[in-house]
Amino acid sequence: MNNNQFNGGYPQQPYQPPQPQYQQYPPQPTPQQMQMQQQQYMKQLQINSARSAEKSQILTAGIAIGAALIANLVVQIFWVVVVQALGLMDIYNTSFLFQHAFNIFVVDFCGLVIPFFIVYLLLRKRYVTPLVPTKKVGFLEGAAWVFLGLAVCFVGNLLTQGVIELFKIAGYELTQPETLKPSNAIDCLVMLFSTAVAPAVCEEFAMRCSSLGALRRHGKAFAVVAVSIMFGLMHANVIQFVFAFTIALILGYVTIKTDSVVPAMFIHGLNNGLSVLQDSLKIITSENTASTIATVLMIGFFVLGIAALIYLAATHKLLPKKEVQQPKPYKISFGTKILLLAPGLFIPFVILIAMTSQFVTKI
């Protein structure tokens with residue numbers, strides 16, 4: 001009998017002791033690999049830090065500019081209280097010269113130039129251009145930009161009228177604060193300075209110099225749109241917001257495209273000057289005739305603006321040149337940048353709504 005019979009018919013296997021199980025470890029990185037991993041980690045930390053720093057800069061810029069917008073209103077309220085305390089409110093309400101001189105000193109100089117110059121002092125290290133950009137612009141190019149800007153002002157007036165009509169359809173009428181109208185040649189000259197010259201200089205300093213300069217390094221398109229929103233909020237009225245936002249887009253674009261605020265000042269001043277001309281014409285002619293002349297001039301500027309658009313496009317001056325810049329290792333979306341401004345602009349927005357409510361009447 002063989003051995004298989006004693007094993008139930010199965011061949012007997014020789015005994016083998018169990019083998020010890022060893023845990024398998026991945027191969028250890030070399031010193032060069034460890035150094036590369038550490039460098040990548042540090043680079044990512046630097047990228048995250050730079051992204052957070054830029055977000056913080058946009059946030060603080062929005063807060064600073066928003067504070068300046070609030071200061072603009074606070075300064076006006078303060079001086080109104082002073083005028084009332086001195087018993088001069090009746091003079092303000094009846095004296096054309098006093099009212100417009102008050103607006104130049106309080107609204108334009110104290111309310112705009114001073115607060116926004118403080119913004120520049122606080123954020124001056126962030127500016128990539130001079131506070132007041134004044135690069136030389138050729139006469140033809142400058143005139144073309146001015147006419148194009150006035151054409152956009154014409155479009156802004158149409159959009160504003162459309163908003164007014166939409167409110168009327170909803171059963172509401174939008175109005176805006178009124179000021180004294182000129183009654184003689186001296187009044188017309190004073191109004192020209194207070195309505196056209198002073199705002200063109202002071203408002204452009206506040207918006208296209210101080211505010212645009214503070215935001216320009218975060219993207220030109222973003223800076224133009226953001227400052228346009230701020231310019232609209234500064235007027236604290238829906239009617240003026242629509243128009244101001246529209247023309248601010250071209251004012252900001254022209255300023256960045258030419259690296260000069262001078263064309264924007266001319267656009268601003270000439271646009272406001274048309275309203276001065278219309279009020280001045282009412283002294284010597286009827287209101288309908290004055291409105292017709294102003295409308296004809298606006299249409300004329302619009303036609304010249306179309307010609308200017310063609311000229312700028314034909315001479316390759318309309319669109320900005322592509323700048324060779326080292327791309328950032330991170331990206332902050334346009335929407336995120338706008339949202340970062342929201343905390344600083346929240347109170348000015350509330351003021352806009354509150355002020356507008358005073359000039360909305362149910363039909």
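**A tour of helix α5 and one stop in α9**

Start at P199: helix α5 bends here, with a kink of about 40 degrees centred on this proline. The model is a predicted one, and residue numbers count from 1 along the chain.

Next, select the whole of α5, residues 185–215. The helix is 31 residues long and spans 42 Å between its first and last C-alpha, close to the 45 Å expected at 1.5 Å a residue. Colour the selection by accessibility: α5 is mostly covered, with 23 of its 31 residues buried.

Move to the N-terminal end of the helix and show the side chain of N184. This residue caps α5; one of its side-chain oxygens is 3.1 Å from the backbone nitrogen of I186.

Keep I186 selected and add L189, L192, F193, V197 and V201. Together these six side chains make a nonpolar patch on the surface, and their accessible area adds up to about 550 Å². Within this patch, is L189 buried or exposed? L189 counts as exposed because its relative accessible area is 58%, and the cut-off for exposed is over 50%. An α-helix has 3.6 residues a turn, so residues three or four places apart point the same way.

Leave α5 and select helix α9, residues 287–314, where I310 is found. I310 is exposed too, because its relative accessibility is 56%.

For the last stop, keep I310 and add F96. Their C-alpha atoms are 43 Å apart in space, and 214 residues separate I310 from F96 in sequence.

Methods. This is a predicted model: local features need pLDDT of at least 70, side-chain atom pairs count only at pLDDT 80 or more; totals for chains, interfaces and linings use all residues. Side-chain values use heavy atoms; hydrogens and water are left out. Patches are made of residues with over 30% relative accessible area and no salt bridge: like charges are joined within 9 Å, nonpolar side chains (Val, Leu, Ile, Met, Phe, Trp, Tyr) within 5 Å. Accessible areas come from the Shrake-Rupley method with a 1.4 Å probe; for residues, only the protein chains shown count as cover. A salt bridge is a side-chain nitrogen of Lys or Arg within 4 Å of a carboxyl oxygen of Asp or Glu. Helices (H or I, at least four residues) and strands (E, at least two) are DSSP runs, numbered from the N terminus. Buried means under 20% relative accessible area, exposed over 50%, partly exposed in between (1.4 Å probe, protein chains only). The expected span of a helix is 1.5 Å times one less than its number of residues. The bend at a residue is the angle between axes fitted to the seven residues ending there and the seven starting there. A polar contact is a pair of N or O atoms within 3.5 Å; within protein, one must be able to donate a hydrogen and the other to accept it, and residues adjacent in sequence count only if both atoms are side-chain atoms.
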